Amino acid sequence: MVRRELPDLGPVFYLDTWPFGPQMLVVASTQGLYQITQEHSLPKHPGLRYFLNPIAQGLDLVTMEGDLWKKWRGIFNPGFNSTYLMSLAGGILEETEQFCKNLEDLAQTRTLFHMKDLTDNLTMDVIGRIV
């Protein structure tokens, strides 16, 4: 939305969300993202750890840093290969189409339902398809 309102912003800019939150650095280019996530292992924002620690207890690629991150990123690298990811797109699309059909069917009933159950099922269906 910021990019639509201010199209002349460069590929990296600060966004000040005061008084709602701290300022943040927005990186809107693949080259910049590569530099800060892969070429150089920069320190992660403490908020990531605060949010993910109850779930992963520091054992996740998002908050790992340094040599530990490099080791596990290397192990998972084949899974991040763009050709491999594109080969999964058809199956993910099929599962997503079924999810949309389920939403449409439930909307026709005009009754309340829990989205969490549906999104949990979609997540498991996609994971099951990939594994």
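Which side chain meets that of E65 in a salt bridge? The views below come from a predicted model, and the first of them takes up this pair.

**View 1. E65 and R49 meet in a salt bridge.** R49 is the partner of E65, with N and O 2.4 Å apart. E65 lies in the loop between α3 (46-56) and α4. R49 sits in helix α3. The two are 16 residues apart in sequence, so the salt bridge ties together separate parts of the chain. How accessible is each partner? E65 is partly exposed, at 28% relative accessible area. R49 is partly exposed too, at 35%. The structure holds 5 salt bridges, and E65 with R49 is one of them.

**View 2. D105 and K101 form a salt bridge within helix α5.** The N to O distance is 2.9 Å. D105 and K101 are 4 residues apart in helix α5, which means that about one helical turn separates them. D105 has a relative accessible area of 40%, so it is partly exposed. K101, at 42%, is also partly exposed.

**View 3. K116 and D120 form a salt bridge within helix α6.** Their closest N and O atoms are 2.6 Å apart. About one helical turn separates K116 from D120, because they are 4 residues apart in helix α6. Is K116 buried or exposed? K116 counts as exposed, with 55% relative accessibility. D120 counts as partly exposed, at 33%. Elsewhere, E94, E95 and R129 are joined into one network by salt bridges that share partners.

**View 4. Nonpolar side chains form a patch on the surface.** Which residues make the nonpolar surface patch? They are Y84, L85, I92, M124, I127, I130 and V131. The patch covers about 650 Å². Helices α5 (82-109) and α6 (115-130) are the elements that give two or more residues to the patch. Take I130 as an example. I130 is placed in helix α6. Its relative accessible area is 32%, so I130 is partly exposed. Residues in a patch need over 30%, and I130 has 32%.

**View 5. The largest pocket has a volume of about 680 Å³.** The pocket is lined by 19 residues. Closest to its centre are I36, P43, K44, H45 and L48. Three elements are worth finding here: β2 (24-27), α2 (30-39) and α4 (66-80) each give two or more residues to the lining. Which element gives the largest share of the lining? Helix α2 does, with 4 residues. What kinds of residue line the pocket? The lining has 13 nonpolar residues, 4 polar ones and 2 charged ones.

**View 6. K70 and Q38 are 32 residues apart in sequence.** In space, their C-alpha atoms are 8.7 Å apart. Compare the two numbers as you follow the chain from Q38 to K70. K70 is in helix α4. At 52% relative accessibility, K70 counts as exposed. The cut-off for exposed is over 50%, so K70, at 52%, passes it.

**View 7. The peptide bond from W18 to P19 is cis.** Its omega is near 5°. Where does P19 lie? P19 is in the loop between β1 (12-15) and β2. Look for the bond that leads from W18 into P19.

**View 8. Q57 has a positive phi.** The value is near 55°, and Q57 is not a glycine. Q57 belongs to the loop between α3 and α4. E65, from the first view, lies in the loop between α3 and α4 as well. Is Q57 buried or exposed? Q57 is exposed, with a relative accessibility of 63%.

**View 9. R110 has a positive phi.** Here phi is near 60°, again in a residue other than glycine. R110 lies in the loop between α5 and α6. Those two helices also give residues to the nonpolar patch. R110 has a relative accessible area of 76%, so it counts as exposed.

Note on methods
Residues are numbered from 1 along each chain as its sequence is written. This is a predicted model: local features need pLDDT of at least 70, side-chain atom pairs count only at pLDDT 80 or more; totals for chains, interfaces and linings use all residues. Side-chain values use heavy atoms; hydrogens and water are left out. Patches are made of residues with over 30% relative accessible area and no salt bridge: like charges are joined within 9 Å, nonpolar side chains (Val, Leu, Ile, Met, Phe, Trp, Tyr) within 5 Å. Accessible areas come from the Shrake-Rupley method with a 1.4 Å probe; for residues, only the protein chains shown count as cover. A salt bridge is a side-chain nitrogen of Lys or Arg within 4 Å of a carboxyl oxygen of Asp or Glu. Buried means under 20% relative accessible area, exposed over 50%, partly exposed in between (1.4 Å probe, protein chains only). On a 1 Å grid over the protein atoms alone, a cavity is a set of points where a 1.4 Å probe fits but cannot get out, and a pocket is an open set with protein on both sides within 12 Å along at least five of seven lines; lining residues have an atom within 4 Å of a point. Grid points are joined across faces, edges and corners, and a volume is the space filled by probe spheres set on the points. Ala, Val, Leu, Ile, Met, Phe, Trp, Tyr, Cys and Pro count as nonpolar, Asp, Glu, Lys and Arg as charged, and the others, Gly among them, as polar.
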